[in-house]
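Dear colleague,

I am handing over the structure we spoke about, and I would be grateful if you could look through it with the notes below beside you. They begin with a question and then go through what was found.

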Amino acid sequence: MSAIGSPALVLNADFQPLSYYPLSLCSWQDAIRATFLEKVSVIESYDQIVHSPSISFKLPSVIALKDFVMQHRRSVFTRFNVFLRDNFTCQYCYKRYSANDLTFDHLVPRCLNGKTTWNNVISACTSCNLKKGRRLLKNTDMKLTKKPTRPTSAQLQNNGKNFPPNFLHESWRDYLYWDTELQN
Ligand SMILES: [Zn+2]
């Protein structure tokens, strides 16, 4: 693995990842900059060493912020967060899709004054969305898996753990899944 592909996992001051999905990572350049500015502590390092004219040091693989960053206590209503709340699963056919293949469905359609809110918007695949069309659910033979509500940020974080990135450096694992891996 080249130095270019060696991002650092960024933890909050409480050693929890700032975000699970997308996973909070920063480039090795930013990690080193933050270290020199004394904004972060280096927790783990890669074996790779970078040299500057005067010093050399190991690339950080896990860094932790020195000052705790308060996370949003209210979940922000975004397209991504709706999909994350629903685990990237169509709420009608229960199948999982990638974000590109998911759409929003308004339970009460917009043409019937349905609002774009946590309680009225769900993830749906294109074919279920088309099938439902501009109808109320009770006028269809379709069923919802669960009533949509505003998730807590803890619920979103927890759902994010279901989507590990393709690459996980071994030094990250202790900080990512320590509360689930103990079962083995
Ligand atoms: Zn579907």
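Is tryptophan 118 buried or exposed? Please keep in mind, while looking, that this is a predicted model. With a relative accessible area of 4%, under the 20% limit, tryptophan 118 counts as buried.

Its ring partner is a good place to continue. The ring centres of phenylalanine 77 and tryptophan 118 lie 5.0 Å apart with the planes at 75 degrees, and because an angle over 60 degrees counts as edge-to-face, the pair is placed in that class. This contact links distant parts of the chain, since 41 residues separate phenylalanine 77, in the loop between strand E4 (56-65) and helix H2 (79-85), from tryptophan 118, in the loop between strand E5 (102-106) and strand E6 (121-125). Phenylalanine 77 has a relative accessibility of 31% and is therefore classed as partly exposed, whereas tryptophan 118 is buried.

The count of aromatic pairs comes to 11. One aromatic cluster is made up of Tyr21, Phe80, Phe83, Phe88, Phe104 and Phe163. Phenylalanine 104 also has a charged neighbour, in that the charged end of arginine 79 sits over its ring at 5.3 Å from the centre. Tyrosine 21, for its part, is followed by a cis peptide bond to proline 22, with omega near -5 degrees, and proline 22 lies in the loop between E1 and E2.

Turning to the strands, there is an open sheet of 4 strands in the order E2-E1-E4-E3, with mixed pairing. Strand E2 (25-26) and strand E3 (40-51) are the edge strands, each pairing on one side only. Strand E1 (residues 8-11) pairs with E2 in the antiparallel sense over 2 bridges, and here leucine 9 stands opposite leucine 25 in E2. E3 and E4 are likewise paired in the antiparallel sense, over 8 bridges, and they form a hairpin with 4 residues between them; in this pairing isoleucine 49 stands opposite lysine 58 in E4. Helix H1 (residues 28-36) lies across E1, E2, E3 and E4, and runs at about 80 degrees to E4.

Several loop residues also deserve a look. Phenylalanine 15, in the loop between E1 and E2, has a positive phi of about 70 degrees although it is not a glycine, and with a relative accessible area of 36% it is partly exposed. Asparagine 113, in the loop between E5 and E6, is another non-glycine residue with a positive phi, in this case of about 75 degrees, and its relative accessible area of 60% makes it exposed. Methionine 70, which is found in the loop between E4 and H2, is exposed as well, at 58%; its C-alpha lies 9.7 Å from that of leucine 18, although the two residues are 52 apart in sequence.

A last point concerns confidence. The chain has a mean pLDDT of 89, and 93% of its residues reach 70 or more. Within the chain, confidence is highest in E6, at 97, and lowest in helix H6 (residues 178-181), where the mean is 52.

With best regards

Definitions and conventions: Residues are numbered from 1 along each chain as its sequence is written. This is a predicted model: local features need pLDDT of at least 70, side-chain atom pairs count only at pLDDT 80 or more; totals for chains, interfaces and linings use all residues. Side-chain values use heavy atoms; hydrogens and water are left out. Rings of Phe, Tyr and Trp (its six-membered ring) pair if their centres lie within 6.5 Å; planes under 30 degrees apart count as stacked, over 60 as edge-to-face and the rest as tilted. Buried means under 20% relative accessible area, exposed over 50%, partly exposed in between (1.4 Å probe, protein chains only). A charge sits over a ring if NZ of Lys or CZ of Arg is within 6 Å of the ring centre and within 35 degrees of the ring normal. pLDDT is the predictor's confidence in each residue, from 0 to 100. Two strands pair if DSSP finds at least two bridges between them. Contact means heavy atoms within 4.5 Å. Axes are lines fitted to C-alpha atoms, for helices over the stretch in contact, and angles run from 0 to 180 degrees between N-to-C directions.
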